[in-house]
Structures are given as C-alpha cells and as structure tokens.
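Welcome to a short guided tour. Please open the structure in your viewer, keep the selection tool at hand, and follow along stop by stop.

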Amino acid sequence: MADPRRLKVAVQKSGRLTDPSLELMVRCGLRFSRARDNLVCYGENMPIDLLLVRDDDIPQLVADGDCDAGIVGGNVAREFALAHDSEPFRTARTLDFGSCRLCLATPVDSGLDTPASLAGKRVATSYPRLTESFLRGIGIDAEVVLLGGAVEIAPRLGKADAICDLVSTGQTLRANHLKEIFTVDESRACLITSPHPLPDTASTLLERILMRVDGVLAVNGSKYIMLHAPRAKIAEITRLLPGVEAPTVLPLDGCTDRVAIHAVCTESVFWETLEALKGAGASAMLVLPVEKMLA
Ligand code: ATP
Ligand code: ZN
C-alpha cells in the first residue's frame, strides 16, 4: 500500500513536459532513482515519489487525491476544470516551461479569416470544452469535432473546416497549409495540487517544495553582478542595473572614492548594460549566474 507520508507527484511519462518537469524537481533538491518498470521515480533524499503517467491523466489523479500534486500543461488543466462545477484542484504555481497557445486555424485559401466566419462550420480539436466555451462566449454556433490527435490534417481529410490546436512555432500549421486566425488560450506548464487535506508531514513537505519552486523560478534569468564604481555615482549605477532596487555597497581597502557594488539583477544583463555602466564610471565588472535563491 502507498505510504501516506510520502508525497506523490504526477509528471508526464514521455513527452514535451517530461525533461523540464524532472529537471525542476532536481533543481528543487530531489535525488531520485527510476524504477525498472519506468512508472515511478523514487525520491532518495526526500520522501517524494514521482509517478510517470500520460499528461491527460494528471488532472484526474490530482483531483481524486491519488496524487498530491502534478505538473501538467495549463491547457490540459483548464480543459479538465471546465467539466467540473467546482475547482477540482488548485493551480499552485505557473511554471516557466511548456509555453504554447491554443489557436483557431483554417486552410490558407479557405476565406475563413476570423472566428466569426466559423459560424455553422466544423472545428476539429482535442480540447472540445476550451474550444466550445470560447466560441459560445463570442456567440458563434459551430460544430466541435473531437479528435484525439493529428488534428492538423482534419481539414485535408474533409473532417472539419477549421481546427483549434496547440501551436508553439507555427511550423506544423504552415506545413499543413493552415493559418492561425485567433488565439483562444495561452498556456504554460502548471503545478497543480490536490484539494484533499494531506497528512501534516506531507503537507509540510509540499509547502517546502513550493518554496523551492519559487526559488527556482526567481533565479531563472537572474544574474549576480559585481563591479567597482565611484562612490559619487552609486545612485546612477543602481539605476542602470536591471531589476535592482537596493544593491550591496562595500568599501574597497585603501580606497575612499571608489566602492564595490554587488547586486542580483532579475532581468537580463546585456553587453549594452555593461557598456552603459562603464560609461558611468564602473570597472572590474563580473556577471555570474545565480543557482539558488531563498527569500
Ligand atoms: P501523452 O502521451 O502524455 O498524452 P501528449 O502527446 O498529449 O503526451 P505532448 O505533445 O508531449 O503531449 O505535450 C504535452 C504538453 O506540452 C501540452 O499539453 C502543452 O501544454 C505543452 N506544449 C508545448 N508546446 C506544444 C506544442 N507545440 N504542441 C503541443 N503541446 C505543446
Ligand atoms: Zn496527452
């Protein structure tokens, strides 16, 4: 029987979200070994197990409390939630991977160029509730045709006049002579959590993991910058540091008119930024990646 003190987190077994989901867990400090059956990753240094499943099963597993948390595309989570009156799970965090958009697209030469032009037409999709709720919301009556996959070939097969499908670069659409006409939903991977109460130990562990996820999200793209600057230019230099409000200012041994400035920049530090800093009198500039941060 499953140990209730161990936290069970559902992640996609094999697909676009698998590597970034496992990497997120590693960056949160989890070391795990993969079971021979490839269905579970056992946490070795923390009582957390990762269950490897199809992404479509993750919302149900979390809603039923079979898993305490899961990492799934926002699109899959919202499609599932639309079938329920009350919130079936909590969306605890929106993550920084799995970006895509759910788009309406039509054959290039169809003359169907707006959502309104789809009135009375057939729209093929794997996301029937998101599609229907969008079309209903703008007062368009169209027939939604449910397809499990290969949605982009539906118009060519004569199964539909338009599609509503996930797009990231648009290359698949172009290859199938389709054009995007409207974005119905923007999506990123989410960490969802169970609505059922957890035993105290598991609940504390989940809070710890969420805090670490926040730490990982906070440092993504962040840089630690160190430089020397004229004491008189501290305010000007601070304004030039992207996303910095209060840097650390340190004295330099044997030097009264220059100081060392250290700061975490929460936005990218481009060469242009360094050139502007140099122009303001900065020298000895060093930009380092940030690995972890805990507020
Ligand atoms: P499974 O076998 O687990 O059911 P799948 O084929 O449904 O896998 P993937 O194609 O791996 O799923 O996509 C998983 C998630 O990745 C999507 O639900 C979506 O949130 C996200 N994603 C990001 N970019 C894209 C894209 N270009 N096309 C499809 N999904 C994308
Ligand atoms: Zn799937």
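**First stop: a central strand**

Select Ala-10 and look across to E4, where Leu-51 stands opposite. Before going on, a word on what you see: this is a predicted model, in which local features need pLDDT of at least 70 and side-chain atom pairs count only at pLDDT 80 or more, while totals for chains, interfaces and linings use all residues. Residues are numbered from 1 along each chain as its sequence is written, chains are lettered from A and ligands numbered from 1 in the order in which they are written, and side-chain values use heavy atoms, with hydrogens and water left out.

Now select residues 7–12, which form strand E1. Strands here are DSSP runs of E with at least two residues, helices are runs of H or I with at least four residues, and both are numbered from the N terminus. How many residues of E1 are buried? The count is 6 of 6, where buried means under 20% relative accessible area, exposed over 50%, and partly exposed in between, using a 1.4 Å probe and protein chains only.

In a regular strand the side chains alternate between the two faces of the sheet. Colour Leu-7, Val-9 and Val-11 for one side of E1, and Lys-8, Ala-10 and Gln-12 for the other; both faces are covered.

**Second stop: the neighbours of E1**

Add residues 48–53, strand E4, to your selection: E1 and E4 pair in the parallel sense over 6 bridges. Two strands count as paired if DSSP finds at least two bridges between them. Next add residues 69–73, strand E5, which pairs with E1 in the parallel sense over 2 bridges. Val-9 stands opposite Ala-69 of E5.

Stay on Ala-69 and look towards E12, where Thr-193 stands opposite. Strand E12 covers residues 189–193, and 5 bridges join E5 and E12, which run antiparallel.

Now show the whole sheet. It is an open sheet of 7 strands with mixed pairing, in the order E2-E3-E4-E1-E5-E12-E6. Its edge strands are E2 (32–34) and E6 (90–94), each pairing on one side only. Neighbouring strands of this sheet are turned by 25° against each other on average, direction ignored; the angles are taken between axes, which are lines fitted to C-alpha atoms (for helices over the stretch in contact), and run from 0 to 180 degrees between N-to-C directions.

**Third stop: the largest pocket**

Select Arg-16, Asp-55, Asn-75, Tyr-127 and Leu-166: of the 36 residues lining the largest pocket, these lie nearest its centre. Helix H3 (74–81), strand E10 (162–167) and helix H5 (171–175) are the elements that give two or more residues to this lining. Which of them gives the most? H3 does, with 4 residues.

The pocket has a volume of about 1000 Å³. On a 1 Å grid over the protein atoms alone, a pocket is an open set of points where a 1.4 Å probe fits, with protein on both sides within 12 Å along at least five of seven lines, and lining residues have an atom within 4 Å of a point.

Why does the pocket lie between two domains? Domain 1 (7–97 + 189–218) and domain 2 (100–187) both give residues to its lining, so the pocket lies between them.

**Fourth stop: helix H3**

Keep H3 on screen. 6 of its 8 residues are buried, so H3 is largely enclosed by the rest of the structure. The buried residues are Gly-74, Asn-75, Val-76, Ala-77, Glu-79 and Phe-80. Click on Val-76, which has a relative accessible area of 9%. For a distance to try in your viewer, the C-alpha atoms of Val-76 and Phe-270 are separated by 36 Å.

**Last stop: a second sheet**

Select Ile-225 and find its bridge partner in E15, Ala-263. Here 8 bridges join strand E13 (residues 223–230) to strand E15 (residues 255–265), and the two run antiparallel. They belong to an open sheet of 4 strands with antiparallel pairing, in the order E14-E15-E13-E16. E14 (248–252) and E16 stand at the edges with a single partner strand each, so one side of each is left without a neighbour in the sheet.

Finish in strand E16 (residues 283–289) by selecting Ala-284. Is Ala-284 buried or exposed? Ala-284 is exposed, with a relative accessible area of 54%. Its phi is positive, about 50°, although Ala-284 is not a glycine.

Terms used:
Points joined across faces, edges and corners; volume = space filled by probe spheres on them. Domains from an automatic or database assignment.
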